[in-house]
Amino acid sequence: MDQLQMHMLQMVADLHNIPEGAYNIRDNGSLAGRNTTANIDIVSKKDKPGIDIIIKPGTKNESVHIPVIVSQSGLKDLVYNDFYIGEDADVTIVAGCGIHCGGTQDTEHDGIHEFHIGKNARVHYIEKHYGEGEGTGGRILNPTTIVHIEENGYMEMETTQIKGVDSTIRDTSADLKDGATLIIKEKIMTHEKQYAETNFEVDLNGVDSHADVVSRSVAKGSSSQVFNSKIRGNNACYGHTECDAILMEEGRVNAVPSLEANHLDASLIHEAAIGKIAGEQIIKLMTLGLMEAEAEEQIVNGFLK
């Protein structure tokens with residue numbers, strides 16, 4: 001792979017070399033590399049662009065990397081990926097997309113990921129989105145994530161977008177059965193005129209199902225963000241959704257957390273906090289020798305950590 005490809009892999013998947021284990025690398029809409037293992041198979045779809053990732057029951061301590069790189073100006077890449085995680089498996093899945101825009105045309109990647117998580121299976125899903133390049137075209141990323149969790153299954157999602165994406169609409173929906181758990185940790189930063197919209201919709205259908213949806217974001221420049229989160233408690237369950245946002249300069253954030261209790265024993269909580277950095281925080285750091293801009297950067301980095 002060339003220097004640009006390796007740089008983008010590092011940014012979106014923390015890869016410094018081609019990974020060991022299972023992986024599928026997509027570059028400008030085409031397959032750039034693939035490896036499977038005895039327990040993890042990756043198969044190209046025949047009816048549409050994308051892959052099926054099949055993880056055998058009982059698989060432990062394995063990972064699969066599925067990064068996407070887009071550097072062709074004007075390309076609109078669409079991919080459908082389905083994940084089948086067998087019962088009692090415990091795996092880490094590292095995804096993400098990096099767009100390098102060097103032209104005047106908009107460049108876009110839309111990834112539709114659907115997870116089928118078996119009984120007692122555990123999934124740690126890491127997704128990073130990143131944009132760069134000197135071109136004037138837009139860098140557009142629209143991920144859709146659909147999650148089905150069987151009895152006592154567990155999924156933790158870490159999604160990060162902190163640089164270079166001009167427009168994104170992030171849709172996530174999930175349904176959970178008895179004893180299932182979904183943990184979502186989202187981090188977003190927007191600059192200049194960028195736009196980011198996040199839509200979460202979770203159905204807690206099972207007894208003792210659990211969802212915790214937390215978003216932390218920073219809106220700088222004249223950028224704007226929208227956060228929509230809806231948790232429906234359809235059984236004896238627990239749900240929590242939270243949005244914390246920092247405004248800087250002329251940034252705007254609209255947070256709309258929503259709860260729907262459809263069962264007497266549904267316990268649901270929502271929180272939202274939006275505001276600028278407290279002046280005393282900046283002053284305290286400046287007394288330690290930091291310039292104002294450096295103090296703001298330290299506070300933001302700590303907030304998004």
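These legends walk through several close-up views of one predicted protein model.

Residue numbers start from 1 along each chain as its sequence is written, and the side-chain values use heavy atoms, with hydrogens and water left out. Since this is a predicted model, local features need pLDDT of at least 70 and side-chain atom pairs count only at pLDDT 80 or more, while totals for chains, interfaces and linings use all residues.

**View 1. The whole protein, with three helices and 21 strands.**
The radius of gyration is 20 Å, close to the 19 Å that the globule rule gives for 305 residues, so the protein is as compact as a globular protein of that length. (That radius is taken over C-alpha atoms, and the globule rule is 2.2 Å times the number of residues to the power 0.38.) Helices (H or I, at least four residues) and strands (E, at least two) are DSSP runs, numbered from the N terminus. Along its principal axes, the C-alpha trace spans about 55 × 55 × 35 Å. Buried residues make up 50% of the 305; here buried means under 20% relative accessible area, exposed means over 50%, and partly exposed is in between, with a 1.4 Å probe and protein chains only. Take the contacts between residues at least 6 apart in sequence: 79% of them join residues at least 24 apart. A contact means heavy atoms within 4.5 Å. The protein exposes about 13,800 Å², and carbon and sulfur atoms supply 47% of that. Areas like this come from the Shrake-Rupley method with a 1.4 Å probe; for residues, only the protein chains shown count as cover.

**View 2. Strand β14 and its two faces.**
Follow strand β14 (residues 167–176) and you'll see the side chains alternate. Thr-168, Arg-170, Thr-172, Ala-174 and Leu-176 point to one face and are buried. Ser-167, Ile-169, Asp-171, Ser-173 and Asp-175 point to the other face and are not buried. Zoom in on Thr-168 in this strand: its relative accessibility is 0%, so Thr-168 counts as buried. Leaving aside neighbours within four places in sequence, Thr-168 is in contact with Leu-141, Asn-142, Pro-143, Gln-161, Tyr-195, Ala-196 and Glu-197.

**View 3. The strands that pair with β14.**
Two strands pair if DSSP finds at least two bridges between them. Strand β16 (residues 195–204) pairs with β14 in the parallel sense over ten bridges, and Asp-203 in β16 is the bridge partner of Asp-175. Strand β12 (residues 144–149) is also parallel to β14, with six bridges; there, Val-147 has Ala-174 as its bridge partner. Strand β11 (residues 139–141) runs parallel to β14 too, joined by two bridges, and Ile-140 stands opposite Ser-167.

**View 4. Thr-145 in strand β12.**
Thr-145 has a relative accessibility of 4%, so this residue counts as buried. Skip the residues up to four places away in sequence, and Thr-145 touches His-113, Phe-115, Met-157, Asp-171, Thr-172 and Ser-173.

**View 5. Some of the eleven salt bridges.**
Side chains of opposite charge can pair when their charged atoms come close. A salt bridge here is a side-chain nitrogen of Lys or Arg within 4 Å of a carboxyl oxygen of Asp or Glu. Lys-177 and Glu-150 meet in one of them, at 3.1 Å from N to O. This pair links distant parts of the chain, 27 residues apart: Lys-177 sits in the loop between β14 and β15 (181–190), and Glu-150 in the loop between β12 and β13 (154–161). Lys-177 is partly exposed at 36% relative accessible area, and Glu-150 is partly exposed at 25%. Another salt bridge joins Arg-232 and Asp-203, at 2.7 Å from N to O. Here Arg-232 belongs to strand β18 (residues 224–233) and Asp-203 to strand β16, 29 residues apart in the chain. Arg-232 and Asp-203 are both buried. Then there's a network: salt bridges that share partners join Lys-45, Asp-52 and Asp-82. Within it, the closest N and O atoms of Lys-45 and Asp-52 are 2.6 Å apart. Lys-45 counts as buried at 16% relative accessibility, and so does Asp-52 at 18%.

**View 6. A nonpolar patch on the surface.**
Val-43, Ile-54 and Tyr-84 form this patch, with about 230 Å² of accessible area together. Patches are made of residues with over 30% relative accessible area and no salt bridge; like charges are joined within 9 Å, and nonpolar side chains (Val, Leu, Ile, Met, Phe, Trp, Tyr) within 5 Å. Val-43 is found in strand β3 (residues 40–44) and is partly exposed, at 35% relative accessible area.
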